[in-house]
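I opened the notebook to record what I looked up in one protein model. The entries are short and follow the order of my reading.

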Amino acid sequence: MSASTLPELARSAPPRRRLALSYELFPARSEASFDRLRETVSQLEATAPDYVSVTSRTGQANLDRVLELTEYVLACTDLRPLVHLTSTGSTRGELELVVRALLDRGVRGLLALRGDVEDAHQADDDEVPFARYLVELIRAVERERTATLGAGRVSIGVAAYPRRHPESPTRRHDIEVLVSKERSGADFAITQVFFDPADYTDLVTRSREVGVQLPIVPGFVPATDPRRLHRLAELSGVEAPRSLLHALETARDDAARRRIGVAFTVDLIRRVLDDGAPGLHLFTFNRHAEALDVLETLDLDRWSAPAPHTPTTGDPS
């Protein structure tokens with residue numbers, strides 16, 4: 001097979017806007033749930049996402065399960081894992097060991113998070129207190145591994161908050177934290193859930209005004225389960241609209257509930273994409289059916305149609 005020429009490449013790769021697509025997965029808690037998770041991974045892989053994120057508990061408490069899912073994704077699929085790391089509850093030395101172990105396995109995407117802090121938590125003297133320091137730690141390990149990475153680079157994501165973080169004094173403080181994460185070496189951000197497109201647009205606008213340049217990928221949960229939405233509100237402080245909750249809770253059956261939630265989610269995603277979002281990240285809760293319903297209804301074409309070619313006559317150029 002002959003190598004492609006530049007004109008051939010130009011014809012085969014028309015100008016396009018390629019939206020990012022990704023999913024969040026939880027490591028399995030048992031062999032039975034891992035069987036179900038493998039099916040979910042297979043179903044989601046068929047949509048050709050750019051990566052799947054693998055969550056971890058604070059202090060890497062479920063590291064064995066995180067590695068189990070990560071190794072499965074790397075060995076048995078064509079997917080790229082984005083592995084979560086939390087700084088809370090881990091010393092610098094422990095985090096360096098985990099980063100090295102992930103790089104050795106072929107992981108090239110990490111999501112650097114502080115993690116949840118419980119009221120009774122007592123920080124170790126060598127604990128990494130915030131996500132920006134975790135980003136710096138990952139970059140330091142990356143530098144020492146440059147030769148083995150083939151002069152490549154690890155992609156580091158961080159969290160962003162369209163609504164104020166529960167522990168943040170102001171929304172301005174959230175932006176200042178995002179600035180510090182980017183300056184520490186973060187490449188992109190994924191947002192916490194939100195239900196008003198204006199919250200995302202405002203976050204991006206305020207971030208750009210102070211010089212943040214990294215892509216900010218909006219995160220969505222398929223809003224089909226009122227119990228899950230109530231639980232999200234408890235954990236994040238972000239409450240779903242009362243009208244949505246009422247519609248879900250009074251729906252005549254599961255099928256109607258699913259239609260209502262998918263329609264709401266699709267409308268939210270469309271409005272955010274229309275405002276220029278670079279893509280979407282779906283929090284699946286290891287359930288692929290609702291995520292696939294959202295994508296099917298959204299009819300997401302990640303490749304723009306090429307501009308029609310009009311032949312010219314007598315063009316001297």
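The entries below go through backbone angles, strands, rings and empty spaces.

**Entry 1: the model**

I note at the start that this is a predicted model.

**Entry 2: positive phi angles**

I began with the backbone. Most residues other than glycine have a negative phi. I looked for residues that depart from this pattern and wrote down two.

Ala48 has a phi near 55 degrees, which is positive, and Ala48 is not a glycine. I found Ala48 in the loop between helix H2 (31–45) and strand S2 (51–54). Its relative accessibility is 44%, so I entered Ala48 as partly exposed, since that class lies between the limits of 20% and 50%.

Asn286 is not a glycine either, and its phi is positive at about 60 degrees. The loop that holds Asn286 runs between strand S9 (279–283) and helix H11 (288–298). Asn286 is partly exposed because its relative accessibility is 23%.

**Entry 3: strand S4**

Next I asked how many residues of strand S4 (residues 109–113) are buried. The count is five of five, so S4 is mostly covered. I then checked the two faces of the strand. Gly109, Leu111 and Leu113 are buried on one side, and Leu110 and Ala112 are buried on the other.

I also looked up a partner of S4. Strand S3 (residues 81–86) runs parallel to S4, and five bridges join the two. I noted one position across the pair: Leu82 stands opposite Gly109 in S4.

**Entry 4: aromatic rings**

A pair of aromatic rings is described by the distance of the centres and the angle of the planes. The count for this model is seven aromatic pairs. I wrote down two of the pairs.

In the pair of Phe130 and Tyr133, the ring centres are 6.3 Å apart and the planes meet at 40 degrees, so I recorded the pair as tilted. Phe130 is partly exposed, with 40% relative accessible area. Tyr133 is also partly exposed, at 29%.

Phe194 and Tyr200 have ring centres 5.9 Å apart and planes at 15 degrees, so this pair is stacked. The cut-off for stacked is under 30 degrees. Phe194 is buried because its relative accessibility is 2%. Tyr200 is buried too, at 4%. I traced the ring pairs further and found that they link Phe194, Tyr200 and Phe220 into a cluster.

One charged residue went on the same page. Arg38 lies over the face of Tyr72, 5.9 Å from the ring centre.

**Entry 5: empty spaces**

Rolling a probe the size of a water molecule over the atoms shows where empty space is left. I took the second largest pocket, then the cavity.

The second largest pocket holds about 360 Å³ of space. It is lined by 14 residues, and those closest to its centre are Asp50, Tyr51, Arg80, Ser155 and Phe188. By class, the lining has eight nonpolar, three polar and three charged residues.

How many cavities of 30 Å³ or more are there? The count is one. The largest cavity has a volume of about 30 Å³.

Which residues line the largest cavity? I listed Val193, Phe194, Phe195, Phe220, Val221, Phe264 and Leu268. The lining has seven nonpolar residues, with no polar and no charged ones. Phe194 and Phe220 are in this list, and I had already met both in the ring cluster.

Methods
Residues numbered from 1 in each chain as written. Predicted model: local features only at pLDDT ≥ 70, side-chain atom pairs only at ≥ 80, totals over all residues. Heavy atoms only, no water. Helix = DSSP H or I, 4+ residues; strand = E, 2+ residues; numbered from the N terminus. Buried < 20%, exposed > 50% of the residue type's maximum accessible area, 1.4 Å probe, protein only. 1 Å grid on protein atoms, 1.4 Å probe; cavity = no way out; pocket = protein on both sides within 12 Å on 5 of 7 lines; lining within 4 Å. Points joined across faces, edges and corners; volume = space filled by probe spheres on them. Nonpolar A, V, L, I, M, F, W, Y, C, P; charged D, E, K, R; others polar. Phe/Tyr/Trp six-rings, centres within 6.5 Å; stacked < 30°, edge-to-face > 60°. Lys NZ or Arg CZ within 6 Å of the ring centre and 35° of its normal. Pairing = 2+ DSSP bridges.
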